[in-house]
Amino acid sequence: MRLPPDPSSVRVAGPWTHRDVSANGIRLHVAELGDGPLVLLLHGFPEFWWTWRHQLVSLAEAGYRAVAVDLRGYGDSDKPPRGYDGFTLAGDVAGLVKALGARRAHLVGHAWGGLLAWTVGAMHPRLVDSVTAIAAPHPLTLRRAIRRNPRRHAHVFRFQLPFHPERWLLAESGAAVGRLITSWAGPKWTVSSEFDEVLRRNRSAMTIPGVAHCSAEYYRWAVRSQLRSDGRRFAEAVDKRLGVPVLGLHGTLDPVMPETDSSAWAVESVHHEVPEVGHFPHEESPHTVGRLLSDFLGQFGS
């Protein structure tokens, strides 16, 4: 019988440095590169910190301290049985900014990480210099979009079942992860030289003990909380305009996240469509995203 991969297997070698950071009562694994203002990179489902490999290098070269984290429940970070609600996850990021010795950070997030960046910007505004949300409308905008077109987000409701989602994600060494990424990606990326490695690393990372369950818990809380008081409190907490600049990026071929206007949630915002890419613009078109991100962050100096 094949043993599942060790959590340390996600510590992929590169120009970055791996280390553990204690924040909000748990241990978080980060990969770090560069010196300068802090840019904190937050991944989405079904990936881990490695999704930001291109941006770690480009941001460091541009004069920033780039830090990519394995979110709670993912990769080589702790996987506690609870804490996958919006409040606790935002506390993880806020605690990480402080634990890294920074007063403030630029938050860059993809999908779940982007939703989390919006949330931290609303709940912990004193720690945030800017928000970049990639394939991630404002949480309340996304909630309304899902209600209007639930078929587009069938995977969200699939995760509400007990046990089955975990078995589905783990079957055949994470084959479902490969199918999801392939179906959500633009066609040019799926035939690129790096795509096989992307599938292999993300399939392996999902089969680390505990990750499948923890990643499902994000979705379970997001849906079930809407019928509870904590969901109403969360909606009230994020129902405000961010006082920092917001950059929104969206792939024109994204089949998962809707192209929605979130400008009402920010005092200052700019939105760019990234042509010919799907749900993963930062991986499918890293040079374009790197340029847009550098131009956006450049307004703050380095």
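The lining of the second largest cavity divides into 5 nonpolar residues, 2 polar residues and 1 charged residue, and this cavity is one of 2 cavities of 30 Å³ or more that a search of the whole structure finds. The model described here is a predicted one. The points below take up the two cavities and then two residues, Ser215 and Asp230, each of which is placed in a helix.

**The second largest cavity**

- The space in the second largest cavity comes to about 30 Å³, and the residues that line this cavity are Pro46, Glu47, Tyr74, Gly75, Asn202, Ala205, Met206 and Val211.
- Helix H8, which covers residues 195–206, supplies the largest share of this lining, namely 3 residues.

**The largest cavity**

- About 50 Å³ of space lies in the largest cavity, whose lining is made up of 8 nonpolar residues and 3 charged residues, with no polar ones.
- Its lining consists of Leu28, Val69, Asp70, Leu71, Arg72, Leu89, Asp92, Val93, Leu96, Leu116 and Tyr218.
- Helix H2, running over residues 86–99, gives the most to the lining of the largest cavity, with 4 residues.

**Ser215**

- Ser215 belongs to helix H9, which spans residues 211–224, and this serine counts as buried because its relative accessible area is 0%, where the cut-off for buried is under 20%.
- A polar atom of the Ser215 side chain lies 3.0 Å from the backbone oxygen of Ala212.
- When neighbours within four places in sequence are left aside, Ser215 is in contact with Phe45, Tyr74, Leu169 and Met206; Tyr74 and Met206 are also among the residues that line the second largest cavity.

**Asp230**

- Asp230 has its place in helix H10, made up of residues 229–238, and this aspartate is likewise classed as buried, because its relative accessible area of 15% falls under the 20% limit.
- The side chain of Asp230 makes a polar contact of 2.9 Å with the side chain of Trp221, and a further polar contact, of 3.2 Å, joins the side chain of Asp230 to that of Arg228.
- Once neighbours within four places in sequence are set aside, the residues in contact with Asp230 are Phe87, Trp221 and Ser225, so that Trp221 appears both in this list and as a polar partner of the Asp230 side chain.

How values were computed:
Residues are numbered from 1 along each chain as its sequence is written. This is a predicted model: local features need pLDDT of at least 70, side-chain atom pairs count only at pLDDT 80 or more; totals for chains, interfaces and linings use all residues. Side-chain values use heavy atoms; hydrogens and water are left out. Buried means under 20% relative accessible area, exposed over 50%, partly exposed in between (1.4 Å probe, protein chains only). A polar contact is a pair of N or O atoms within 3.5 Å; within protein, one must be able to donate a hydrogen and the other to accept it, and residues adjacent in sequence count only if both atoms are side-chain atoms. Contact means heavy atoms within 4.5 Å. On a 1 Å grid over the protein atoms alone, a cavity is a set of points where a 1.4 Å probe fits but cannot get out, and a pocket is an open set with protein on both sides within 12 Å along at least five of seven lines; lining residues have an atom within 4 Å of a point. Grid points are joined across faces, edges and corners, and a volume is the space filled by probe spheres set on the points. Ala, Val, Leu, Ile, Met, Phe, Trp, Tyr, Cys and Pro count as nonpolar, Asp, Glu, Lys and Arg as charged, and the others, Gly among them, as polar.
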